[in-house]
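Good morning, colleagues. I should like to take a few minutes to go through the structure that is now being shown, beginning with its strands and ending with its charged pairs.

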Number of protein chains: 2
Amino acid sequence: MGTTQLEAVQEPKYWHLKTVLNDALDSEFEVGEILPNERDLAARFGVARATLRQALEQLELEGRLQRRRGVGTTVAPPRMGVAVGPTTNAWPGAGRDSWNTIGCVEAPAPAPVAALLGTGPDDAVHTIRRERVMQGQSVATELLYVPPASVPNLSGLLTPATHAQAVLRELHTLELDGDDRAVELGSARAEDAKQLDRLPGAPVLVLTTRYYAGGRVAAASVATYRADTCRLTFGDSGAVEVTHHQPESRQAS
Amino acid sequence: MGTTQLEAVQEPKYWHLKTVLNDALDSEFEVGEILPNERDLAARFGVARATLRQALEQLELEGRLQRRRGVGTTVAPPRMGVAVGPTTNAWPGAGRDSWNTIGCVEAPAPAPVAALLGTGPDDAVHTIRRERVMQGQSVATELLYVPPASVPNLSGLLTPATHAQAVLRELHTLELDGDDRAVELGSARAEDAKQLDRLPGAPVLVLTTRYYAGGRVAAASVATYRADTCRLTFGDSGAVEVTHHQPESRQAS
DNA sequence: AAGTGGTCTAGACCACCGA
DNA sequence: CGGTGGTCTAGACCACTTC
């Protein structure tokens, strides 16, 4: 014997650490406050830095922390509620929405997207890149794919900016029959990560939308949302709004 | 000089490893096939096991791999498309759905849920635990919260099983005004992880639903879906069905 | 008992940020 | 430049499954 460990730990250190830190975040820190650095924290808890990092990683995944290389680890604000429909059951870029057009190219879509659109794997489609900004922060990047068949009256090629506008404008002349969406977990590709101010591989929520018109899939979009800062909301009933949901445990007990 | 590294690596090893493995999975492995163990793989690629694991972790996150302690690492099938509405805009447990009732208790709801329901933080609510099974696999666990005010005619207390049935039955007598949903990334709590046959902390998609009736939130549910195996679909138009979307790159080029 | 993935350590160096 | 988080190593031991 010697060690009176009747407790039978059984719980991984990083898991226990995570709970401890999570509670400390609620009770001893303010949003935006910067934590001690990883080496100090690890020493304070008597674990290796790798173990401490495992706990921080989880907390970042859950949107409790934000870490930035060269800067430090800060307490994250509650996740933003980001409306993704179908309250706004409309064509992308119609009316007032929070998207900015970044660029536009005409190229073959990746295989999975071509399958969604029902186009051949090598058919060129209009590909519009957009960015969604909320509260001064880039929260999503999107690639919107529009087959030429959906916008047949497009005049001769223009600059990327006007090209994108022209595609969207003609899209809006079609009658939208409906749309459907799918959400899954992914990791940010290098390009997306850069735009979202994250490192490659950061967890993202991938929202795939199909737009139907004339009995066909007239357009499809793949939007990549920061999973750490966003909560995707699908409003349906004309009901109250809630912008955040974080526990009130801040100073509950 | 000495080493002709004009390329300027700059790309982390684990990231490169991930791409290599991902391609190998497409071209050299079948779904369900079991990979060499981590020590062998690490040796084969000339990296430490921790580095190899970082790559495997990402691939598992993306639903390409499935790892099980004591067993091995296998190639995962494409993610399941799981319908979560609003095609089935109805009360939970109504008609044919893929949920099984596990149990039922009457207890105060956690603070965030109480806020959704508009009940006091210490008011007891009916709490029904359910499980969703698809293709023989448990893909989600749910806690459904129903304030007593929504089901006032409930007869005296019964066994948990009949209790749950009674609550659902009375819920169905109300007229459903609508519902709204939110999706965010989370990590599985110990209890949920066990039910989903995952380790604690596994990435999950948390779907929060509010059910409206009589101008109030009559019920709320928090459902936890396995993020590695599920793609949440929000059908809207009466359109075609797609059950999986994985790239056809299996034997493309 | 043998083999798997999961946890943990104690170091090292690198890329990035800000003063 | 110093300080931060990010990557990487080469080990060790543990928990679990299977035979």
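**Sheets, helices and the contact between chains**

Let us begin in chain A, where strand E3(A) and strand E10(A), residues 230-234, run parallel and are joined by four bridges. Within this pairing, Gly81(A) has Arg231(A) of E10(A) as its bridge partner. Please bear in mind throughout that we are looking at a predicted model.

These two strands belong to a wider arrangement. Eight strands make up an open sheet of mixed pairing, and their order is E3(A)-E10(A)-E7(B)-E8(B)-E9(B)-E6(B)-E5(B)-E4(B). Which strands stand at the edges? They are E3 of chain A, residues 80-83, and E4 of chain B, residues 99-108, and each of them pairs on one side only. On average, neighbouring strands in this sheet are turned by 20° against each other, with direction ignored.

I turn now to another open sheet, again of eight strands and again with mixed pairing. Reading across, the order is E4(A)-E5(A)-E6(A)-E9(A)-E8(A)-E7(A)-E10(B)-E3(B). Its edges are strand E4 of chain A, spanning 99-108, and strand E3 of chain B, spanning 80-83; each has a single partner strand, so one side of each is left without a neighbour in the sheet. Here, too, the average turn between neighbouring strands is 20°, direction ignored.

Inside this sheet, I would draw your attention to one pairing. Strand E5(A), residues 124-134, and strand E6(A), residues 137-146, are antiparallel and share nine bridges. One bridge takes Arg129(A) to its partner Leu143(A) in E6(A). As a general reminder, strands of a sheet pair through backbone hydrogen bonds, in either a parallel or an antiparallel sense.

Chain B also offers a hairpin to examine. Strand E1(B), residues 65-68, and strand E2(B), residues 72-75, run antiparallel and are joined by four bridges. The partner of Leu65(B) in E2(B) is Val75(B). Three residues lie between the two strands of the hairpin, and in the turn Gly70(B) has a positive phi of about 80°.

Next, the helices. In chain A, the axes of helix H2, residues 38-45, and helix H3, residues 49-61, come within 9 Å and cross at roughly 105°. H2(A) and H3(A) are therefore roughly perpendicular to each other. Which residues meet in this contact? From H2(A) they are Glu38(A), Arg39(A), Leu41(A) and Ala42(A), and from H3(A) they are Arg49(A), Leu52(A), Arg53(A) and Leu56(A). By class, that gives four nonpolar residues, four charged and no polar ones.

In chain B, the axes of helix H2 (38-45) and helix H3 (49-61) come within 9 Å, with a crossing angle of roughly 105°. This makes H2(B) roughly perpendicular to H3(B). On the H2(B) side the contact includes Glu38(B) and Leu41(B), and on the H3(B) side it includes Arg53(B) and Leu56(B). The residues of this contact are four nonpolar, no polar and four charged.

How much area do chain A and chain B bury between them? The value is about 3,500 Å², with 57% of it on carbon and sulfur atoms. Chain A contributes 45 residues to the contact, and chain B contributes 45 residues.

I close with the salt bridges. Across all chains, the structure holds 35 of them. Between chain A and chain B the count is two. Arg79(B) and Glu184(A) form a salt bridge through their side chains, at 2.7 Å from N to O. Within chain B, Arg198(B) forms a salt bridge with Glu60(B), and their closest N and O atoms are 3.3 Å apart. Arg198(B) sits in the loop between helix H6 (190-195) and strand E8 (203-213) of chain B, while Glu60(B) lies in helix H3 of chain B, so this pair ties together parts that are 138 residues apart in sequence.

Key:
Residues are numbered from 1 along each chain as its sequence is written. Chains are lettered from A and ligands numbered from 1 in the order in which they are written. This is a predicted model: local features need pLDDT of at least 70, side-chain atom pairs count only at pLDDT 80 or more; totals for chains, interfaces and linings use all residues. Side-chain values use heavy atoms; hydrogens and water are left out. Two strands pair if DSSP finds at least two bridges between them. Axes are lines fitted to C-alpha atoms, for helices over the stretch in contact, and angles run from 0 to 180 degrees between N-to-C directions. Angles under 35 degrees count as roughly parallel, over 145 as roughly antiparallel, 65 to 115 as roughly perpendicular and the rest as oblique. Contact means heavy atoms within 4.5 Å. Ala, Val, Leu, Ile, Met, Phe, Trp, Tyr, Cys and Pro count as nonpolar, Asp, Glu, Lys and Arg as charged, and the others, Gly among them, as polar. Buried area is the accessible area (1.4 Å probe) that two parts lose on being put together, summed over both. A salt bridge is a side-chain nitrogen of Lys or Arg within 4 Å of a carboxyl oxygen of Asp or Glu.
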